[in-house]
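Colleague: Could you take one part of this model and walk me through it slowly? I am still learning how to read a structure.

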Amino acid sequence: MKWGVGGAAFATIFSQGLSGVLCLFVILKKYEVLHIRKEERKLDQFHAAKMLNMGIPMGLQYSITAIGCMVMQTANNSLGTVYVSGFAAGTKINSLMQCPYDALATAVCTFASQNYGYGDAKRIRQGFAVGAAAATVWGIASGILLQLFAPDFVSIFVSSDNEAVIAAGAQYLQTISKFFVVLGFLNVFRYSTQGLGWSKRAILSGVFEMIARTLVSGILVPKYGYTAVCFADPAAWIAADLYILPTCRLAYLNAVKVIAEEKRARSQMKLA
């Protein structure tokens, strides 16, 4: 519509609003379980506090991760317009490729929390396995896709005569795509940890991401230039994985313990 930057802003808000309205229509039409009844319109302070206790750390995690990305962007800006443009185009494709991981993260978080509440430790463990398998399959498939066609993807956002920009964007995509499985594991086990009630500990994975990006940006980018920028995201994912994998295991073992204690308590009540 030739509105420039304002048009991009309008398109973003309009598309999100339209999506929300369509989702609401489907809920009203097909999912009666999601209809809000009269007795449910009163604020439940206990559940509200519990949801905020889990939700606020999740929100802070995104903020911390964003700070690390801003530091990396600042370091890249010092390398010149070619690399800035190439990196910007590459990050758009990267965001597109990560959409399945976002959906998978939501799924494993919900799956872990529901089965924790139900008291089925075996199903929680199965959720880990299926989530990790799905993350691996998508990581390999999307990685191969970018290894083969990264320049073509960048060309969606950059005109074909800007060969240097396309090469820079392709370099970024071909570097990070080698580590997509690592990113997939981070999504699965970070959100599983949150689903098991350890939101405050899961947030530290975002801190490890931020630290890794900051170190790469401050130490390696001045020495190795754009190549270091391309490795900043993989370094962040690896650092976060080194923390979240053992943390998720501890969260699972804690869940197993809680489930066993609750089962013993119910058995004793029945005997009494």
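Modeller: Let's follow α2, a helix of 33 residues whose first and last C-alpha atoms are 47 Å apart, close to the 48 Å expected at 1.5 Å a residue. That expected span is 1.5 Å times one less than the number of residues, and helices here are DSSP runs of H or I with at least four residues, numbered from the N terminus. Please keep in mind that this is a predicted model, where local features need pLDDT of at least 70 and side-chain atom pairs count only at pLDDT 80 or more, while totals for chains, interfaces and linings use all residues. Residues are numbered from 1 along each chain as its sequence is written, and side-chain values use heavy atoms, leaving out hydrogens and water.

At the N-terminal end of α2, aspartate 44 acts as a cap, with a side-chain oxygen 3.1 Å from the backbone nitrogen of phenylalanine 46. Further along, the buried residues of α2 include Pro57, Gln61, Ile64, Thr65, Gly68, Met72, Ala75 and Asn76; buried means under 20% relative accessible area, with a 1.4 Å probe and protein chains only. An α-helix has 3.6 residues a turn, so residues three or four places apart point the same way. Among the elements that cover the buried residues of α2 are α3, α6, α7 and α8.

One of these neighbours, α3, holds asparagine 115. Asparagine 115 is buried too, at a relative accessible area of 9%. Leaving aside residues up to four places away in sequence, asparagine 115 touches Asp120, Arg123 and Ile124, where contact means heavy atoms within 4.5 Å.

Note on methods:
Helices (H or I, at least four residues) and strands (E, at least two) are DSSP runs, numbered from the N terminus. Buried means under 20% relative accessible area, exposed over 50%, partly exposed in between (1.4 Å probe, protein chains only). A polar contact is a pair of N or O atoms within 3.5 Å; within protein, one must be able to donate a hydrogen and the other to accept it, and residues adjacent in sequence count only if both atoms are side-chain atoms.
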